[in-house]
Amino acid sequence: MEHFDVAIVGYGPTGATLAHLLGQCGLKTLVLEKETAAYHLPRAVHFDAEIMRVFQWIGIAKEMEPKTALHPGMRFVDGSGKLLLDWPRPQGEGPQGWRANYRFHQPDLEKLLRDQLAGRSDVTVRTRCDVFNVEDKGDLVELRFEDMSRGKVERVTAKYVVGCDGARSLIRRYIESDMEDYGFHERWLVVDVILNQDKPALGNHSIQYCVPERPATYVRCPGLRRRWEITVLPDEDSNEISKPERVWELLSGWLTPEEAVLERTAVYVFHSLVAERWRKGRLLLAGDACHQTPPFMGQGMCAGIRDVSNLYWKLALACQDKVIGQSTEALLDTYESERKPNAAEYIRTAVRLGGLINAAGTEEALRAALPGADGTARMESIAPPLGQGIGYGDKAGRLFGQPRLADGRLMDEVHPHQFVVVADDELASGLDLPDGVALVTTSQSNAGTHLARLEAKATVLRPDRHTLGAADTKDELAALLERVLPNPITLNEPEMV
Ligand SMILES: Cc1cc2nc3c(=O)[nH]c(=O)nc-3n(C[C@H](O)[C@H](O)[C@H](O)COP(=O)(O)OP(=O)(O)OC[C@H]3O[C@@H](n4cnc5c(N)ncnc54)[C@H](O)[C@@H]3O)c2cc1C
């Protein structure tokens, strides 16, 4: 029976990104996907800088960037089109080394992820393979799946199985996890159109139509693609509202059938759910398999990519037996303890935003819901830290920026998957670095700006670029470094904080 380090069930964006990351770490990885091709219905249109940075690691950012559209921000308007709230987004290169937000077409991303994976020798991808049984045997997991192209049942084993198998996850059932419910369950009609020619009047902003009778969202996608998400009222039939004649009626305030073709329409029930357990023994969950969010923040897929960025290096450590016994267990437990509160915070914010779009039809209502310091309504991006896990002190678990080195290159290009010390010159001088741990100083780069944001003189970054902790003295930095073994992807005795 063929044996793998990691078997990934599901080849959506979460599974594909994890396969890239594990492949880069040299892990023998299998991806099993029951469908032949990527999912065809309308889904994600937005990702942020943190996600583009992960795409940078796996070598697809440069090719993805030209397929994206600029995103000037989000506007909230009332039924008459009056602006209730403007939420501009920063433009240009931000702290992550990328723009704050990108508009994209999910099938473009999935194609790129899949095309590039073909070049990774450590990763085997098998489509039309439906996993129907997994058994954790203690020292490994046995998976059974049907290869539908050959009508044959096969078995493989793996040290770990990651269920990236979407909202109806089979692996979640094996983990026997319930879902925590954040209370949002609504039907929305999602319509993707392709304009016959540009219609500048539609604008480049995302627009939230705060119309209590029929809340809706408009999104400017790349090229001539445009997206509307429109509430389905309780007495409306999902099939009826998806029919082209009804869709055009609903779009009539923006567009006529002569101006565009309907690319795809679907009614989704948007949920707000987080799995109670993300891991049981050698089975783990990532992506929609362990959390589902209403799409108002454009963060569902982003959360899945954050999951695998947190998980890949921990799995790499576990598979390389760099951390053994209890310590491996503790390390893998930090995946859920770190990621779950972060994912939940994004979902709670999306639910709040959904409530606003549904109910706040006036400026006063928005002001009451989003009070800014100057008395106006104010909306801000969130960047919650990780939950408790591997880290030391109150500055652990923060996403750190990506310094640009003096030669113009970004830090992660030069030090991929490594622990990195980022320090001011004084703390860096005479530093005894463990083998394989990289150093970026303030005189070699613009790291000073990033350290100032953390309010520290030095930090040690994990491979996922979250802080292990912060230091203001040489002794504090030495203590942080003691936690890192002399190996580019090895942690010593992870400690819970
Ligand atoms: C209308 C809409 C708008 C959205 N907008 C955004 C947005 O702007 N930004 C954003 O970040 N997110 C957005 N999302 C969410 C985003 O699309 C999802 O979070 C993302 O696609 C989930 O990726 P995944 O890889 O975790 O799961 P999926 O893409 O669902 O992939 C799971 C895969 O597992 C396979 N599978 C399942 N069971 C098995 C099995 N037993 N054996 C083998 N294979 C199996 C499935 O066939 C599927 O290919 C939106 C979603 C919707 C519906």
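Select helix 1 (residues 13-24) and helix 4 (residues 106-117): their axes come within 10 Å and cross at roughly 30°. Axes here are lines fitted to C-alpha atoms, for helices over the stretch in contact, and angles run from 0 to 180 degrees between N-to-C directions. Helices (H or I, at least four residues) and strands (E, at least two) are DSSP runs, numbered from the N terminus. This is a predicted model: local features need pLDDT of at least 70, side-chain atom pairs count only at pLDDT 80 or more, and totals for chains, interfaces and linings use all residues. Residues are numbered from 1 along each chain as its sequence is written.

**Stop 1: helix 1 on helix 4**

Helix 1 and helix 4 are therefore roughly parallel. Angles under 35 degrees count as roughly parallel, over 145 as roughly antiparallel, 65 to 115 as roughly perpendicular and the rest as oblique. The crossing is left-handed, that is, the near helix is turned anticlockwise from the far one by less than a right angle; clockwise would be right-handed. Show side chains next. Pro13, Ala16, Thr17, Ala19 and His20 of helix 1 meet Leu109, Glu110, Leu113, Arg114 and Leu117 of helix 4. Contact requires C-beta atoms, placed from the backbone, within 7 Å. By class, this contact has 6 nonpolar, 2 polar and 2 charged residues. Ala, Val, Leu, Ile, Met, Phe, Trp, Tyr, Cys and Pro count as nonpolar, Asp, Glu, Lys and Arg as charged, and the others, Gly among them, as polar.

**Stop 2: the ligand**

Keep helix 1 on screen and select the ligand. Its shell holds 36 residues; the closest are Gly10, Gly12, Gly166, Gly287 and Gly300. A residue is near the ligand if its C-beta atom, placed from the backbone, lies within 6 Å of it. Elements giving two or more residues to this shell are helix 1, strand 3 (46-48), strand 8 (129-136) and helix 8 (300-319). Helix 8 gives the most, with 4 residues. Colour the shell by class: 17 residues are nonpolar, 12 polar and 7 charged.

**Stop 3: helix 2 on helix 8**

Stay with helix 8 and add helix 2 (residues 49-57). Their axes come within 10 Å and cross at roughly 50°. That makes helix 2 oblique to helix 8. This crossing is left-handed. Pick Glu50, Ile51 and Val54 on helix 2, then Cys302, Ile305, Arg306 and Ser309 on helix 8: these make the contact. The residues divide into 4 nonpolar, 1 polar and 2 charged.

**Stop 4: a three-stranded sheet**

Move to the open sheet of 3 strands in the order 11-17-20, with antiparallel pairing. Strands pair if DSSP finds at least two bridges between them. Strand 11 (179-181) and strand 20 (291-292) stand at the edges, each with a single partner, so one side of each has no neighbour in the sheet. Strand 11 and strand 17 (residues 273-275) are joined by 3 bridges. Centre on Met179; Ala275 of strand 17 stands opposite.

**Stop 5: a four-stranded sheet**

Finish at the open sheet of 4 strands, ordered 22-21-23-24, with mixed pairing. Strand 22 (438-441) and strand 24 (467-471) are its edges, each pairing on one side only. Neighbouring strands are turned by 15° against each other on average, direction ignored. Strand 21 (residues 420-423) and strand 23 (residues 458-461) pair antiparallel over 4 bridges. Val422 has Thr459 of strand 23 as its bridge partner. Now add helix 13 (residues 447-454). Helix 13 lies across strand 21, strand 22, strand 23 and strand 24, at about 85° to strand 21. Last, select helix 14 (residues 474-481), which packs on the sheet and touches strand 21, strand 23 and strand 24; its direction makes about 160° with that of strand 24.

Note on methods:
Contact = placed C-beta atoms within 7 Å.
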